[in-house]
Amino acid sequence: MMRRALILKTASLGPVERFVRHSRTFRSLVKRFIAGDTLDEAMEASKQLLDQGFSVTLDCLGENTKSIDEAVNAKDTYIAMLDRIAQVEGAGGCTPDGYK
């Protein structure tokens, strides 16, 4: 548990996050697993993959919430994601009325 906490704490430091996101060493790994920094970027990356016949999943990492405001923001982000996914043709499984 202590190791996990140390990794999460280190990863949340601004300089470390910027280094990982912009370093040539990590670029291919980051690009493969992070579709974008915004919902619009993630949706565009997802659409490109869907158009190629791939399945995709989206996640907004929010496991480090420490306040009610952060938790509410994470919830609102997930709701916005689900609303946007439901509008994508070929998203499969998610419709405005629920799951197929």
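In what order do the elements of the chain run from the N terminus on? In this predicted model, the elements follow the order α-α-α-α-α-β-β. The secondary structure thus listed comes to five helices and two strands. Of the 100 residues in the chain, 9% are buried. Turning to contacts between residues at least 6 apart in sequence, 27% of them join residues at least 24 apart.

A good place to begin is helix 1, which spans residues 2–11 and contains Leu8. With a relative accessible area of 22%, Leu8 is partly exposed, because the buried class is kept for values under 20%. Leu8 can also be placed relative to a residue much further along the chain: Asn64 is 56 residues away in sequence, yet the C-alpha atoms of Leu8 and Asn64 are 8.2 Å apart in space.

Next comes the pairing of helix 2 with helix 3. Two packed helices are described by the angle between their axes and by the distance between those axes. Helix 2 covers residues 14–22 and helix 3 covers residues 24–33; their axes come within 5 Å and cross at roughly 80 degrees. Angles of 65 to 115 degrees count as roughly perpendicular, and helix 2 and helix 3 are therefore roughly perpendicular to each other. On the helix 2 side, the contact is made by Phe19, Val20, Arg21 and His22, and these meet Arg24, Phe26, Arg27 and Val30 of helix 3. Sorted by class, the residues of this contact are four nonpolar, one polar and three charged.

How do helix 4 and helix 5 pack, and at what angle? Helix 4 (residues 39–51) and helix 5 (residues 68–86) meet at an angle of about 35 degrees, and their axes lie 11 Å apart. The crossing of helix 4 past helix 5 is right-handed. Helix 4 contributes Leu39, Asp40 and Met43 to the contact, while helix 5 contributes Ala80, Met81, Arg84 and Ile85. By class, this contact has five nonpolar and two charged residues, with no polar ones.

One pair in the contact between helix 4 and helix 5 can be followed down to its side chains. Asp40 lies in helix 4, and its side chain makes a polar contact with the side chain of Arg84 at 2.9 Å. Asp40 and Arg84 are separated by 44 residues in sequence, and their C-alpha atoms are 9.3 Å apart in space.

Helix 4 also holds Ser46. Is Ser46 buried or exposed? Its relative accessibility is 6%, and since buried means under 20%, Ser46 counts as buried. Once the neighbours within four places in sequence are left aside, Ser46 is in contact with Val56 and Leu58. Helix 4 thus appears in two settings here: Asp40 is among its residues in contact with helix 5, and Ser46 is a buried residue touching Val56 and Leu58.

Technical notes
Residues are numbered from 1 along each chain as its sequence is written. This is a predicted model: local features need pLDDT of at least 70, side-chain atom pairs count only at pLDDT 80 or more; totals for chains, interfaces and linings use all residues. Side-chain values use heavy atoms; hydrogens and water are left out. Axes are lines fitted to C-alpha atoms, for helices over the stretch in contact, and angles run from 0 to 180 degrees between N-to-C directions. Helices (H or I, at least four residues) and strands (E, at least two) are DSSP runs, numbered from the N terminus. Angles under 35 degrees count as roughly parallel, over 145 as roughly antiparallel, 65 to 115 as roughly perpendicular and the rest as oblique. Contact means heavy atoms within 4.5 Å. Ala, Val, Leu, Ile, Met, Phe, Trp, Tyr, Cys and Pro count as nonpolar, Asp, Glu, Lys and Arg as charged, and the others, Gly among them, as polar. A crossing is left-handed if the near helix is turned anticlockwise from the far one by less than a right angle, and right-handed if clockwise. A polar contact is a pair of N or O atoms within 3.5 Å; within protein, one must be able to donate a hydrogen and the other to accept it, and residues adjacent in sequence count only if both atoms are side-chain atoms. Buried means under 20% relative accessible area, exposed over 50%, partly exposed in between (1.4 Å probe, protein chains only).
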